[in-house]
Amino acid sequence: MKILHLDTNHELLINQLSNLGFTNHEDYTSSKNDIEAKIKDYDGIVLRSRFSIDKQFLNAATNLKFIGRVGAGLENIDCAYAEQKGITLIAAPEGNRNAVGEHALGMLLSLFNKLNKADQEVRNGKWQREANRGIELDGRTVGLIGYGNMGKAFAKKLRGFDVEVLCYDIKEGVGDANAKQVTLKEFQEKVEVVSLHTPQTALTLNMMDATFINQFKNSFWFINTARGKSVVTQDLVSALKSGKILGAGLDVLEYEKASFEDMFTSIMPEPFQYLIAAQNVLLTPHVAGWTMESKEKLAQTIVDKIKAKFC
C-alpha cells in the first residue's frame, strides 16, 4: 500500500510504516489541486490540518482506503462521504489528551493567580502584591462539557485538588471516578469553572452563546482548549464585560482558519481586540495538545491504528 504524507510529523511515523512494508511518499508543498490530480495513486493519506478533504477530493481518490489525521478532530474531513465510500478514518486523540489536560490546568491556575498580569507588571518595574492576590481552586466545582479523551484527561489532573468535578455529555454513562455525570440543568446550577472538551460538530457550533452563558446560575471561569467556533466571541466578550464570565483561558479562537495554522488578517475583529487587552484573558495559539511528547505519541497512535487495521 502506498501512503501520501501531506504534513511533516515525527520521524517515527514514516520509519515504522516503512518497516511494516508500506511505501511512503512525502509532499508538503504542492497545492491541493496538484495533490488531487495524483491522489488516485495512493491507498492512504496522513495529514494534520493542511487542507480540507471534501467530496471533490474524495471522488478523485479512487483507491483511497484510509485517512490518518495526526490530531484529535476530524472536522476538516467530509466524514460521512468518506465512510460512504468505504474509507477508514483514523484520528489520534489518545496521543495528545495528556497535553491538553495539563494545558487546561495550567491556564486555570494562571488565571486564578493572575500570573500573566503579575509577570508583565514586575517586568515593567511594578511591585503590586495586593492587586495580584489570587484565589484558590480548592473547594470549587469544576464543570467539563464533553467527557471523552480530553475531558477525562483534565479530570485526572484535577484529582490532586479538593474540588467537585461534574461533566455533561450528550452520551450517557460516560462519568467515572474522576467526574460525576449530571444533567445540563444541574451542571448549570452548580459549576464555577467551565472547561470545553467537545469536537466541532453541528451541535457544538456556536453553542457557547449569550443564551447558553446566561443559563448558568453562578458567574464562572471559562477554559476552551477544544474548538474556537464553538464559542460566539462577541457573546463571550459581553459576558466578560458584565462579570458573568470572570476570566477566560482560550487556546482556540473563532477566527482561526480551517487549517488551524493561522488566524491573523489585515482587519482584526473588534471582539478579539478586546480579548488581547483584557487582563483576565489568557491566550495561546492552539497549542494545548502541542508538546514534544504529544508529537511522538500522536505519530505512534496513527502507526498503531494503521497496523491494527491493515497489517
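This report describes a sheet, the elements packed around it and one pocket in a predicted model.

Residues are numbered from 1 along each chain as its sequence is written, and side-chain values use heavy atoms, with hydrogens and water left out. Since the model is predicted, local features need pLDDT of at least 70 and side-chain atom pairs count only at pLDDT 80 or more, whereas totals for chains, interfaces and linings use all residues.

**The open sheet and helix 12**

Helices (H or I, at least four residues) and strands (E, at least two) are DSSP runs numbered from the N terminus, and two strands pair if DSSP finds at least two bridges between them. Five strands form an open sheet with parallel pairing, in the order 2-1-3-4-5. Strand 2 (23-26) and strand 5 (88-90) are the edge strands, each pairing on one side only, and the twist averages 20 degrees from one strand to the next. Strand 1 (residues 2-5) pairs with strand 2 in the parallel sense over four bridges, and K2 stands opposite T23 in strand 2.

Helix 12 (residues 292-310) lies across strand 3 (44-47), strand 4 (66-69) and strand 5, and runs at about 155 degrees to strand 5; axes here are lines fitted to C-alpha atoms, for helices over the stretch in contact, and angles run from 0 to 180 degrees between N-to-C directions. Within helix 12 lies I306, which counts as buried because its relative accessibility is 0%, where buried means under 20% relative accessible area, exposed over 50% and partly exposed in between (1.4 Å probe, protein chains only). Leaving aside residues up to four places away in sequence, I306 touches L17, F22, V46, F66, I90 and C311, with contact meaning heavy atoms within 4.5 Å. From C-alpha to C-alpha, I306 and M292 are 22 Å apart in space, and they are 14 residues apart in sequence.

**Strand 6 and helix 10**

Strand 6 (residues 141-145) is mostly covered, with five of its five residues buried: T141, G143 and I145 lie on one side, and V142 and L144 on the other. Strand 6 runs parallel to strand 7 (residues 164-168), to which five bridges join it, and V142 stands opposite V165 in strand 7.

In helix 10 (residues 233-242), the buried residues are T233, D235, L236, V237, A239 and L240. Their cover includes helix 9 (210-214), strand 10 (220-224), strand 11 (245-250), helix 11 (270-277) and strand 12.

**Positive phi angles**

| Residue | Phi | Place |
|---|---|---|
| K114 | about 55 degrees | loop between helix 5 and helix 6 |
| H286 | about 55 degrees | loop between strand 12 and helix 12 |
| G243 | about 90 degrees | just after helix 10 |

K114 is partly exposed, with a relative accessible area of 32%.

**The second largest pocket**

A pocket is an open set of points on a 1 Å grid over the protein atoms alone, where a 1.4 Å probe fits, with protein on both sides within 12 Å along at least five of seven lines; lining residues have an atom within 4 Å of a point. The second largest pocket holds about 210 Å³ of space, a volume being the space filled by probe spheres set on the points. Its lining comprises 15 residues, of which L111, K114, W221, Q279 and N280 lie nearest the centre. Helix 5 (93-112), helix 6 (115-123) and strand 12 (281-283) are the elements that give two or more residues to this lining.
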